[in-house]
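Visitor: I am new to reading protein structures, and I would like to learn how to look at one feature after another. Could you take me through this one slowly?

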Amino acid sequence: MTLYIRREASKYIHGLAARGVHYIHRPGPTLQDLGYILLPELGQDKSYISETVFTCVFLSFVLWTFHPFIIKSKKIYTVLIWCRVLAFLVACQFLRVITFYSTQLPGPNYHCREGSELARLPRPHSVLEVLLLNFPRGVIYGCGDLIFSSHMIFTLVFVLTYQKYGSKRFIKLLGWIIAILQSLLIIASRKHYTVDVVVAWYTVNLVVFFLDKKLPELPDRTTVLLPVSSKDRTKEENHKLLNGNGVDPADRRPRAQVNGNVGHTDNATNGA
């Protein structure tokens, strides 16, 4: 529950910042962009393709993290995985807010261009209007929060997390292919400039790299401690257990060797 609250709080703060930058957004001519020159424009009627790919990535990652509750062979800790993911996302989104407030670029998306009624927001009549974010219209039709791509933040964090804790090599390779495809679709849909995607690629990888070294490593769930059979215990150990006393780990030594040494000593004594 605490993890969920923190995640939603960070999403709300980021949404509030994105809403704020929309008030100061000024539409203008689309900037010259190498990606726009190389990639043909998909068009407004096909802009849903990149969103569909992102939704598939998001749902696939969520299902993978919660699969230990369905499949008996549990190999990951769901809560600990999401704690790390949340730390990565919060750090990246914090850097993103600083970046898009530093420089406001004219939005390349269709609803952010000159002539669109949604490109500029009128001054708010009350603080409540800002705090409520005009959900969901204000979230979907935002402008000005460009550098760097939020969709690529989530996609790369999910791919990097599975790269480390996932077990299927094919899915790891497929994840990177989808991340590259998602980058190209975002540019072709004119939702971001190429620089927004490029900055996301190296920023997210660097954030995950450094934070991953600071966060405690997840315990290994493949290591299973088997119970000691009662046949392997000596009478003294059983007596300690019955009295509620634990057995000193230092006393656990190979019994075959001990018994062999005792037998050898007795034989030597009898021989003498």
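Guide: Let us begin in the interior, keeping in mind that this is a predicted model. The largest nonpolar core has 36 residues, and among these F61, V85, I153, V157, F158 and V204 touch the most other members.

Visitor: Which helices each supply at least two residues of this core, and which gives the most?

Guide: Helices α3, α4, α7 (150–165), α8 and α9 (194–214) each supply at least two residues of this core, and α7 gives the most, with 10 residues.

Visitor: What is V204 in contact with, once its neighbours within four places in sequence are left aside?

Guide: Reading contacts means asking which residues come together in space, and V204 is in contact with C92, I153, L156, V157 and L160 when those sequence neighbours are left aside.

Visitor: How should I read the chain as a whole, and how many helices and strands are there?

Guide: The protein chain has 11 helices and 0 strands. Of its 272 residues, 35% count as buried, and among contacts with a separation of 6 or more, 82% are between residues 24 or more positions apart.

Visitor: Where can I see two residues that are far along the chain but meet in space?

Guide: Look at L39, which lies in the loop between α2 (34–38) and α3 (48–65). L39 and L184 are 145 residues apart along the chain, yet their C-alpha atoms are separated by 7.8 Å. Not counting residues up to four places away in sequence, L39 touches L184, I187, A188 and R190.

Visitor: Why does L39 count as partly exposed?

Guide: L39 has a relative accessible area of 22%, and it counts as partly exposed because that value falls between the cut-offs of 20% and 50%.

Visitor: How can I check the length of a helix, for instance α4?

Guide: One compares an expected span with the distance between the end C-alpha atoms: the 25 residues of α4 (residues 78–102) should span 36 Å at 1.5 Å a residue, and the ends are 36 Å apart, which agrees. Several residues of α4 are buried, including W82, V85, F88 and C92.

Visitor: Is F170 buried or exposed?

Guide: F170, found in helix α8 (residues 169–188), is exposed, because its relative accessible area of 61% is over the 50% cut-off. Together with I171, L173, L174 and I177, F170 forms a nonpolar patch on the surface, with about 500 Å² of accessible area together.

Notes. Residues numbered from 1 in each chain as written. Predicted model: local features only at pLDDT ≥ 70, side-chain atom pairs only at ≥ 80, totals over all residues. Heavy atoms only, no water. Helix = DSSP H or I, 4+ residues; strand = E, 2+ residues; numbered from the N terminus. Expected span 1.5 Å × (residues − 1). Buried < 20%, exposed > 50% of the residue type's maximum accessible area, 1.4 Å probe, protein only. Patch = residues over 30% accessible without salt bridge, like charges linked within 9 Å, V, L, I, M, F, W, Y side chains within 5 Å. Areas by Shrake-Rupley, 256 points an atom, 1.4 Å probe, with all protein chains shown as cover. Salt bridge = Lys/Arg side-chain N within 4 Å of Asp/Glu carboxyl O. Contact = heavy atoms within 4.5 Å. Core = buried A, V, L, I, M, F, W, Y, C linked by side-chain atoms within 4.5 Å.
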